[in-house]
Structure formats: C-alpha cells, structure tokens
Amino acid sequence: MEDEDMSAKGRFIINANTRICSKYFRLTCHQVDYDTLLSESRFPCPGRDMYFRSGVCSVITQFDGRNLDVIYSDRTSWGNRLLQHWLRIKLKECIISIAEKVLPDRLHYWEQQKGLKAKSVSVKLLRGKTLGRCFHDGRIELSPKILLMPESYTDSVILHEMAHLKYHHHRQSFWNYLSILLGEDSKAQSTRMDLEMGIKYFYLDYIMQ
C-alpha cells in the first residue's frame with residue numbers, strides 16, 4: 001500500500017506545484033538535486049522535519065513560524081500515500097499553531113472596533129463546512145481553515161460569529177446586524193465569498209481533515 005499512487009485516483013495531492021499564500025501563512029516547494037537533499041537530511045535543526053522512505057530522505061520541511069518550505073528532489077514520489085499523509089500532518093500542525101495566535105488577536109481587534117465582547121475565543125477544527133461557532137454563553141470557536149482565506153473573508157467569518165453575540169439565530173434581524181458590522185450587504189457578501197472560494201473549500205478540507 002505504501003506505493004499507492006493517489007494522483008491516479010483523482011484526489012487532491014500536495015506536490016511540487018502546490019502554493020499556499022495568505023497574509024499569515026505561506027507554503028513554497030523547492031527542488032534540489034538528490035545528493036543535496038541527502039546531505040541536508042544529515043543536519044537536523046529547529047523547525048526542520050524529514051520524511052524517510054526505506055531509510056532514505058525523500059522530503060524535508062522547514063518551518064519558521066510563518067513560512068513552510070518543502071524541499072524535494074526529482075526522485076520524490078508525490079503520489080505516495082504515506083508521504084501525502086505526513087505532509088498533511090505537517091501542514092495542519094503549522095496552520096493550527098499560527099491560527100492559535102493570529103485568530104484570537106484578530107477577534108479582539110474587532111471587539112474593540114465594534115464594541116462587542118466575547119466570553120472567550122478558541123481555535124478548533126470544526127466538522128464539515130462549519131468555519132465558526134458562537135455559543136449562547138458568548139464563547140466563540142474559529143476554524144483554523146479561515147487563516148488561509150483572504151483577510152477580508154477571515155474577518156467576515158469572525159464578524160459573523162460576533163453578530164451571534166447579539167442575535168442567536170439566522171433570522172433577518174441577524175443578517176441586518178451583520179450587514180452593519182461588515183459595512184455591506186451580508187447575504188450578498190456571503191454569496192460572493194462562496195463563488196470566489198469555490199473548489200478551495202474542498203482543498204482546505206483535504207489539508208485539514
């Protein structure tokens with residue numbers, strides 16, 4: 001099963017062409033020659049992880065707290081199921097570590113701007129297409145997925161949950177209030193966001209599953 005080719009099954013895979021770039025996180029892939037990759041694998045350092053296949057390094061990742069660099073060679077087998085699983089774990093760990101710092105700070109910023117106050121805010125992987133939750137006691141949970149969206153969309157998710165601090169439903173009064181917070185028609189903004197993100201939602205689900 002180790003040599004199962006995921007690309008042949010039409011699934012999303014992380015490979016040399018993968019680029020993720022948002023305000024808070026960047027993923028970039030770099031090709032080096034095979035001997036250089038093996039040489040670098042002999043020197044562990046902070047933020048560096050290595051994937052070994054049959055005792056030989058296939059991929060190196062380097063994370064500096066904001067940027068994740070993936071270093072590979074022409075012998076790297078991107079379709080390998082175990083490599084894809086390993087890469088997804090690395091990606092998810094990096095994204096969550098940044099989200100746990102950035103998203104609460106961003107919510108606190110909007111608290112000051114909008115005169116609202118949540119009881120608490122936490123970052124949590126949420127099921128399905130749920131990007132945020134607000135509980136009746138004022139606790140807010142945010143999905144780390146929104147870190148990878150354009151900042152205006154990240155903010156719209158945060159403001160959506162903050163609107164629930166006042167209206168714990170999705171009736172028209174909620175959407176009217178959210179429009180005030182957003183400074184634009186909230187339903188039109190939500191429709192535009194869905195259209196522009198499109199297949200990116202599915203890719204985010206793949207990475208963060």
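The following paragraphs describe the fold, the surface and the salt bridges of a predicted protein model.

The model is predicted, so that local features require a pLDDT of at least 70 and side-chain atom pairs count only at pLDDT 80 or more, whereas totals for chains, interfaces and linings use all residues. Residues are numbered from 1 along each chain as its sequence is written, and side-chain values use heavy atoms, with hydrogens and water left out.

The protein chain contains 6 helices and 8 strands, where helices (H or I, at least four residues) and strands (E, at least two) are DSSP runs numbered from the N terminus. The order of the elements from the N terminus on is β-β-α-β-β-β-α-β-β-β-α-α-α-α. Along its principal axes, the C-alpha trace of the protein chain spans about 60 × 35 × 25 Å. Of the 209 residues in the protein chain, 51% are buried; buried denotes under 20% relative accessible area, exposed over 50%, and partly exposed the range in between (1.4 Å probe, protein chains only). The accessible surface of the protein chain amounts to about 11,200 Å², and carbon and sulfur atoms contribute 51% of this surface. Accessible areas were computed by the Shrake-Rupley method with a 1.4 Å probe, and for residues only the protein chains shown count as cover. Among contacts with a separation of 6 or more in the protein chain, 56% are between residues 24 or more positions apart, a contact being heavy atoms within 4.5 Å.

An open sheet is formed by 3 strands in the order E6-E8-E7, with mixed pairing; two strands are taken to pair if DSSP finds at least two bridges between them. Strand E6 (120-123) and strand E7 (132-134) are the edge strands, each pairing on one side only. On average, neighbouring strands of this sheet are turned by 15° against each other, direction ignored. Such angles run from 0 to 180 degrees between N-to-C directions, and axes are lines fitted to C-alpha atoms, for helices over the stretch in contact. Strands E7 and E8 (residues 139-142) run antiparallel and are joined by 3 bridges. The bridge partner of Cys 134 in E8 is Ile 140. Two helices lie across strands of the sheet. Helix H2 (residues 81-114) lies across E6 and E8 and runs at about 150° to E6, while helix H3 (residues 151-163) lies across E7 and E8 and runs at about 155° to E8.

On the surface, Phe 12, Ile 199 and Phe 202 make a nonpolar patch of about 310 Å². Patches consist of residues with over 30% relative accessible area and no salt bridge, like charges being joined within 9 Å and nonpolar side chains (Val, Leu, Ile, Met, Phe, Trp, Tyr) within 5 Å. Ile 199 is located in the loop between helix H5 (186-197) and helix H6 (200-208) and is exposed, its relative accessible area being 59%. Another loop residue, Pro 44, is found between helix H1 (34-40) and strand E3 (48-53). Pro 44 is likewise exposed, at a relative accessible area of 65%. The C-alpha atoms of Pro 44 and Ile 60 are 10.0 Å apart in space, with these positions 16 residues apart in sequence numbering.

Side chains of opposite charge can pair when their charged atoms come close. With a salt bridge defined as a side-chain nitrogen of Lys or Arg within 4 Å of a carboxyl oxygen of Asp or Glu, the count comes to 13 salt bridges. One of these joins Asp 205 to Lys 145 at 2.3 Å, N to O. This pair links distant parts of the chain, since Asp 205 belongs to helix H6 and Lys 145 to the loop between E8 and H3, 60 residues apart. Asp 205 is partly exposed, with a relative accessible area of 27%, whereas Lys 145 is buried at 7% relative accessibility. A further salt bridge connects the side chains of Lys 117 and Glu 111 (3.8 Å, N to O). Lys 117 is exposed, with a relative accessible area of 64%, and Glu 111 is buried at 7% relative accessibility.

Within helix H5, Arg 192 and Glu 196 lie 4 residues apart, about one turn of the helix. Their closest N and O atoms are 4.0 Å apart in a salt bridge. Both residues are partly exposed, Arg 192 with a relative accessible area of 34% and Glu 196 with 47%. In addition, a network of salt bridges links Lys 23, Arg 106, Glu 151 and Asp 155.
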